[in-house]
Amino acid sequence: MVEPGPGSLQGQGGPRLCSPSAASRPRSSHADFSCASLHRAAAPAALLRTVDVDEERLSAVMSGFSLLHLVSRSQPGALRPCGRPSGGSGTKKTQVKNFSQEELKKRLTPLQYRVTQEKGTESAFSGEFTHHRDEGTYTCVVCGDPLFSSNAKFDSGSGWPSFFDLMKEDSITESDDFSAGMHRLEVACSRCGAHLGHLFDDGPKPTGSRYCINSASLSFQPKQEVTVTSCSEADNPGASLADDKSDL
């Protein structure tokens with residue numbers, strides 16, 4: 001017996017012989033889909049609900065694996081513009097000075113509070129100390145701990161005050177910061193925990209460090225002249241002290 005095969009076209013392969021065995025006939029994907037649909041339709045409703053739940057769980061698990069894959073591929077080494085190892089390299093010490101938030105809100109300006117307590121960032125080139133050139137010491141605006149000397153300040157062109165060294169090695173703490181889609185080292189005051197800015201490795205010699213600091217995190221103590229008086233001059237109050245002044 002001869003009849004057109006399923007899916008055969010006139011002029012393309014001609015007629016096909018019917019096979020007495022259904023197993024010998026080619027099965028199309030459409031047939032498989034229809035068969036699966038029929039089996040699903042015939043399945044009990046409780047079983048279908050179980051299948052749907054399992055599919056949802058499988059989808060959630062696969063989403064978790066996808067997220068883990070993305071995290072595992074986002075290694076700190078690939079997102080490290082600061083060029084420093086994860087975890088920081090500075091000396092860490094426990095905070096020894098705590099202030100209530102009510103006190104800080106009264107004592108600090110809104111910008112100082114946002115930067116030091118909420119890890120905010122002031123706009124570039126807007127800070128008080130960006131182009132500051134006076135000699136002296138830059139201290140933490142919250143607790144007054146000395147942080148940077150004016151001798152270590154340089155113009156990085158970044159728009160924020162920049163320093164290549166600390167006054168004391170343990171004056172700040174370093175911690176990983178993965179915000180803004182990259183890895184940076186956050187620096188904070190070791191004494192009170194106030195947020196200061198970030199540390200990068202593109203600074204000048206001899207350290208190669210660039211402490212990029214918010215002006216709102218800093219206060220400034222100008223360099224003072226100290227008068228040195230000898231014993232003989234103390235006996236003669238009218239003597240000139242002009243030649244005995246020295247800068248510290």
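Biologist: What covers the buried residues of H4?

Modeller: This is a predicted model, to be clear up front. The cover over the buried residues of H4 includes helix H3 (101-107) and strand E9 (195-200).

Biologist: And which residues of H4 are the buried ones?

Modeller: H4 runs over residues 110-118, and its buried residues are Gln-112, Tyr-113, Val-115 and Thr-116. Just past the helix, Lys-119 has a positive phi of about 60°.

Biologist: You mentioned E9. What is the order of the strands in its sheet?

Modeller: That one is an open sheet of 6 strands, ordered E5-E6-E10-E9-E8-E7, with antiparallel pairing. E5 and E7 are the edge strands, and each of them pairs on one side only.

Biologist: How many bridges link E9 and E10?

Modeller: There are 4 bridges between E9 and strand E10 (residues 210-213), in the antiparallel sense. His-198 has Cys-212 in E10 as its bridge partner. Looking the other way, Glu-186 stands opposite His-198 in E9, and E8 and E9 are joined by 4 bridges, again antiparallel.

Biologist: Is E8 enclosed or open, and why?

Modeller: Strand E8 (residues 184-189) is largely enclosed by the rest of the structure, because 6 of its 6 residues are buried. Both faces are covered: one side has Arg-184, Glu-186 and Ala-188, and the other has Leu-185, Val-187 and Cys-189.

Biologist: What about the turns on either end of E8? Which residues there take a positive phi?

Modeller: In the E7 and E8 hairpin, with 6 residues between the strands, Ala-180 has a positive phi near 65°. The E8 and E9 hairpin has 5 residues in between, and Gly-193 in that turn has a positive phi of about 80°. E7 and E8 themselves run antiparallel with 6 bridges, and one pairing puts Ile-172 with Cys-189 in E8.

Biologist: Ok, switching to the sheet with E3. How is it ordered?

Modeller: It's an open sheet of 3 strands, E4-E3-E11, and the pairing is antiparallel. Strand E4 (146-149) and strand E11 (218-222) are at the edges with a single partner strand each, so one side of each has no neighbour in the sheet. From one strand to the next the twist averages 30°. Strand E3 (residues 136-140) pairs with E4 over 3 bridges, and Thr-137 stands opposite Ser-149 in E4.

Biologist: Leu-166 caught my eye. Where is it, and is it buried or exposed?

Modeller: Leu-166 is in the loop between strand E6 (162-163) and strand E7 (172-177). It counts as buried because its relative accessible area is 16%, and the cut-off for buried is under 20%.

Biologist: What is Leu-166 in contact with?

Modeller: Setting aside neighbours within four places in sequence, Leu-166 is in contact with Leu-147, Phe-148, Ser-171, Ile-172 and Tyr-211. Its C-alpha is also 9.1 Å from that of Pro-146, which is 20 residues away along the chain.

Biologist: Any thoughts on Ser-158? What does its side chain reach?

Modeller: Ser-158 is in the loop between strand E5 (153-154) and E6. Its side chain makes a polar contact with the side chain of Ser-156 at 2.8 Å, and also reaches the backbone nitrogen of Trp-160 at 3.4 Å.

Biologist: Last one: how many cavities of 30 Å³ or more are there?

Modeller: The structure holds 1. The largest cavity has about 50 Å³ of space. Its lining has 13 residues, and Thr-130, Asp-155, Ser-156, Gly-157 and Trp-160 lie nearest the centre.

Notes. Residues numbered from 1 in each chain as written. Predicted model: local features only at pLDDT ≥ 70, side-chain atom pairs only at ≥ 80, totals over all residues. Heavy atoms only, no water. Pairing = 2+ DSSP bridges. Helix = DSSP H or I, 4+ residues; strand = E, 2+ residues; numbered from the N terminus. Axes fitted to C-alpha atoms, helices over the stretch in contact; angles between N-to-C directions. Buried < 20%, exposed > 50% of the residue type's maximum accessible area, 1.4 Å probe, protein only. Contact = heavy atoms within 4.5 Å. Polar contact = N/O pair within 3.5 Å; in protein donor to acceptor, adjacent residues only side chain to side chain. 1 Å grid on protein atoms, 1.4 Å probe; cavity = no way out; pocket = protein on both sides within 12 Å on 5 of 7 lines; lining within 4 Å. Points joined across faces, edges and corners; volume = space filled by probe spheres on them.
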